[in-house]
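Subject: Structure handover

Hi,

Here is the structure I promised to pass on to you. Please have a look at it in your viewer, and then read on for my notes.

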Amino acid sequence: MGDFNLPLLKWKGGVRETVDLPLYNVLGHFVDNNCLSQMVDFPTRGENVLDLVLTNRPDYVLSTKCEDLGISDHEMVTCTL
């Protein structure tokens with residue numbers, strides 16, 4: 001869980017769209033090699049999904065939500081297991 005700050009990366013149903021840039025490829029290989037799913041399906045800064053929840057057990061994630069605390073340019077992401 002965290003701010004990955006990769007604005008070109010788009011997620012559809014927990015699966016990433018390929019972006020052929022070095023840092024994006026590193027994350028992509030990590031996600032693929034560890035059979036991870038991304039659980040945040042809403043923007044966390046502007047129109048971008050920058051804050052991710054990655055898991056190898058998506059069935060354990062009951063919900064994810066965001067909240068604007070007014071103290072950051074990102075939304076706060078919470079995850080219920």
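Below are my notes on a helix, a loop residue, a cavity and a pocket. Please keep in mind that this is a predicted model.

Let's start with helix H1, which runs over residues 22–33. Does its length make sense? With 12 residues at 1.5 Å a residue, H1 should span 16 Å, and its end C-alpha atoms are indeed 16 Å apart, so the two values agree.

Tyr 24, Leu 27, Gly 28 and Val 31 are the buried residues I would point out in H1. They sit on the same side of the helix, because the arc they cover around the axis is only 100 degrees. Pro 22, Val 26 and Asn 33, on the other side of H1, are exposed. And what covers the buried residues of H1? The cover includes strands S2 (11–12), S3 (15–16), S5 (51–52) and S6 (54–55). After H1 comes Cys 35, where phi is positive, near 50 degrees.

Next, a residue in a loop. Met 39 is found between strand S4 (37–38) and S5. Is Met 39 buried or exposed? Its relative accessibility is 19%, and since buried means under 20%, Met 39 counts as buried. Leaving aside residues up to four places away in sequence, Met 39 touches Val 53, Thr 55, Pro 58, Val 61 and Thr 64. Lys 65 is 26 residues from Met 39 in sequence, while their C-alpha atoms are 9.9 Å apart in space.

Now for the empty space, which may interest you as a computational chemist. How many cavities of 30 Å³ or more are there? The count comes to one, and the largest cavity has a volume of about 30 Å³. Its lining is made up of Phe 4, Asn 5, Leu 6, Leu 9, Trp 11, Leu 27, Val 49, Leu 50 and Leu 52. By class, that gives eight nonpolar residues, one polar and no charged ones. Leu 27, one of the cavity-lining residues, is also among the buried residues of H1.

The largest pocket has a volume of about 190 Å³. It is lined by 15 residues, and those nearest its centre are Lys 10, Trp 11, Lys 12, Asp 41 and Val 49. Its lining divides into seven nonpolar, four polar and four charged residues. Trp 11 and Val 49 appear in the pocket lining and in the cavity lining as well.

Happy to talk it through whenever suits you.

Best wishes

Notes: Residues numbered from 1 in each chain as written. Predicted model: local features only at pLDDT ≥ 70, side-chain atom pairs only at ≥ 80, totals over all residues. Heavy atoms only, no water. Helix = DSSP H or I, 4+ residues; strand = E, 2+ residues; numbered from the N terminus. Expected span 1.5 Å × (residues − 1). Buried < 20%, exposed > 50% of the residue type's maximum accessible area, 1.4 Å probe, protein only. Arc of directions from axis to C-beta. Contact = heavy atoms within 4.5 Å. 1 Å grid on protein atoms, 1.4 Å probe; cavity = no way out; pocket = protein on both sides within 12 Å on 5 of 7 lines; lining within 4 Å. Points joined across faces, edges and corners; volume = space filled by probe spheres on them. Nonpolar A, V, L, I, M, F, W, Y, C, P; charged D, E, K, R; others polar.
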